[in-house]
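Please explain how the aromatic and charged side chains of this protein are arranged, and begin with the surroundings of the histidine in question.

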Amino acid sequence: MAQVNAAIEQVTDELRQTFCDGVTNMLAGSRGSIFPEVVLASALADADDDGYFSAESVAAPLSRMLRRQMKPASFQRHLADLASDERGRLLVRRGQPGSHRFRFRDALTQPYVIMDSLCRGLIDEAEALRRPGIDITAHATAPEGDWTYGSARPANMV
């Protein structure tokens with residue numbers, strides 16, 4: 001696991017230096033702002049096949065991070081701001097008012113935010129793996145010889 005953690009740290013350092021300066025600054029945040037937590041909670045939120053998530057799906061991870069119950073109305077403005085030019089259009093927003101859905105404008109942002117947050121100690125591995133679609137038990141149930149995404153190398157491969 002140490003090699004995986006070192007690789008994640010190396011990748012996030014490289015990304016931090018090139019593509020994600022704005023995201024990194026957003027994650028660093030400013031005193032009294034919950035924007036960093038909203039960005040991270042958005043990365044951890046349940047999303048549909050196109051990557052869109054609702055404010056309601058952000059509420060659970062945000063509540064865990066802030067250790068208090070967060071209703072969508074208390075951070076809906078943050079999501080809207082993250083989709084605006086003022087906050088770098090980190091998110092894309094679609095739908096009608098009251099039922100907006102969001103996704104990260106750049107598909108690499110979501111995994112970057114999770115990896116960066118792991119490296120900074122903002123979340124642990126269990127929180128990062130809590131996302132739907134990530135099955136850490138897949139390797140235990142895959143038929144022998146079946147080596148697919150999410151499964152461990154089969155015993156018959158050296």
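In this predicted model, His78 is in contact with Ile34, Phe35 and Val38, when its neighbours within four places in sequence are left aside. The histidine itself belongs to helix H5, which covers residues 76-82. Is His78 buried or exposed? Its relative accessible area is 7%, and because buried means under 20%, His78 counts as buried.

One of these contacts, Phe35, leads to a further residue. Arg87 lies over the face of Phe35, and the distance to the ring centre is 3.7 Å. A comparable description applies to another arginine: the charged end of Arg94 sits over the ring of Tyr52, 3.7 Å from the centre of that ring.

The next topic is the pairing of aromatic rings. The count of aromatic pairs comes to two. Phe53 and Phe104 form a tilted pair, with 6.2 Å from centre to centre and an angle of 45° between the planes. Phe53 lies in strand E1 (residues 53-54) and Phe104 in strand E3 (residues 101-104), so this pair ties together parts that are 51 residues apart in sequence. Both Phe53 and Phe104 are buried.

Which residues make up the aromatic cluster that includes this pair? Phe53 and Phe104 are joined by Phe102, and the three form one aromatic cluster.

Conventions:
Residues numbered from 1 in each chain as written. Predicted model: local features only at pLDDT ≥ 70, side-chain atom pairs only at ≥ 80, totals over all residues. Heavy atoms only, no water. Helix = DSSP H or I, 4+ residues; strand = E, 2+ residues; numbered from the N terminus. Buried < 20%, exposed > 50% of the residue type's maximum accessible area, 1.4 Å probe, protein only. Contact = heavy atoms within 4.5 Å. Phe/Tyr/Trp six-rings, centres within 6.5 Å; stacked < 30°, edge-to-face > 60°. Lys NZ or Arg CZ within 6 Å of the ring centre and 35° of its normal.
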